Amino acid sequence: MTKTITVLVVSMLAVALFLSACGSDDAQPSATSRSVPADQSAQTDQSDPAQSYQAGNTQSVEESQSADAEQQAPSSDQPAQQSTTDDQPSDADGSAGDQPEQEAMVGQIPDSGPYAGILINRHVLGDPNAAIVITEYSDFL
Amino acid sequence: MIEEAVRSGLARYEYRHFIVFGAASQFAAMATECAGDQGAWWEFKDAYMLEGLARSFTRAGALDLARAEGLDLDRFSQCLDDEAHADRLLQMRQQAIADGVTGTPTFRVNDRPGARAIDALLEQIRAAAEAAESAGS
């Protein structure tokens, strides 16, 4: 009888130990395994998109830089427009003869009107290579 | 005579803003420069110089003139709003002062001070023309 009870107790203890072992194995490792993959996935989700985003940014920067370079390249091929902006520094340079020549290069010769047949441009009338330069400083009022 | 010299290719005429009469004058100069963006600088300059007393130096007057010249009014208005040529006008003024200009009108011939009296100025131009022709011959 005592042996039977002992066997039962030992069996119950064994079962309890087995169950507790199974329970702890299910809980802790699974929790760890979930958190790790979760962390990993989070890191992966954060890192990969971040990397891809950064890569995307890098590409976009490179693209924008190349686009800027492409934009700069054609702009350097626009002397007519640059001459309009370049004439301002020439004013500051004090070289009164430089600006009109640049302006006159993109001038026009009207077919009619008071200046018909004369090369005109902003501020300038006449041949940019003329021997005489007459400059008038004036005010409209 | 100046026109004749210009037409013959002997001379070039250049106009420089030298604003001495305040805001209305500044506005007219700005309007002229904005018109110049659309190829109508001389039309505006002549209108203000020749018809200035009859024409109001206001935004409405400038817009009327721009309309009459067939300019893009939106672009013209934007230019006025932005004061897009303020730097150009300032630089002209600074250059004029550096050239010794103190009032208007002031002329210079070949970057040398021009005479104030028209007869003396024409004589100065005539002498410059003769010098240029003798140098070229």
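In the predicted model, the buried residues of helix α3 of chain B pack against elements of both chains: β1 (120-121) and β2 (124-126) of chain A, and β1 (11-17), α2 (23-36), α4 (59-68) and α5 (73-82) of chain B. Helix α3(B) spans residues 41-51, and its buried positions are Trp41(B), Trp42(B), Phe44(B), Lys45(B), Asp46(B), Ala47(B) and Tyr48(B). The buried set thus includes the aromatic residues Trp41(B), Trp42(B), Phe44(B) and Tyr48(B) as well as Lys45(B) and Asp46(B). As to confidence, chain B has an average pLDDT of 90, with 96% of the residues scoring at least 70. The model as a whole is assigned an ipTM of 0.91 and a pTM of 0.61.

Two of the helices that pack against α3(B), namely α2(B) and α5(B), are also linked covalently. A disulfide is formed by Cys34(B) and Cys79(B), with the sulfur atoms 2.0 Å apart. This bond connects distant parts of the chain, since Cys34(B) belongs to helix α2 and Cys79(B) to helix α5 of chain B, 45 residues apart. The torsion about the S-S bond is about -80°, and the disulfide is therefore left-handed. Both Cys34(B) and Cys79(B) are buried. Over all chains, the count of disulfides comes to one.

Both cysteines are in turn contacted by His85(B), a residue of the loop between α5 and α6 (86-98) of chain B. His85(B) has a relative accessibility of 7% and therefore counts as buried. Apart from residues up to four places away in sequence, His85(B) touches Met30(B), Glu33(B), Cys34(B), Asp37(B) and Cys79(B) within chain B, and Arg122(A) from chain A.

A further connection between the chains is provided by strand pairing. Strand β2 of chain B (residues 106-109) runs antiparallel to strand β3 of chain A (residues 132-138), to which it is joined by four bridges. In this pairing, Arg108(B) stands opposite Thr135(A). Strand β2(B) is also joined by two bridges to β3(B) (residues 112-113), again in antiparallel orientation, and Val109(B) stands opposite Arg112(B). Together β2(B) and β3(B) form a hairpin with two residues between the strands; in the turn, Asn110(B) adopts a positive phi of about 50°. The side chains of β2(B) alternate in direction: Thr106(B) and Arg108(B) point one way, Phe107(B) and Val109(B) the other, and all four residues are buried.

How values were computed
Residues numbered from 1 in each chain as written. Chains lettered and ligands numbered in written order. Predicted model: local features only at pLDDT ≥ 70, side-chain atom pairs only at ≥ 80, totals over all residues. Heavy atoms only, no water. Buried < 20%, exposed > 50% of the residue type's maximum accessible area, 1.4 Å probe, protein only. Pairing = 2+ DSSP bridges. pLDDT = per-residue confidence, 0-100. Contact = heavy atoms within 4.5 Å. Disulfide = S-S within 2.5 Å.
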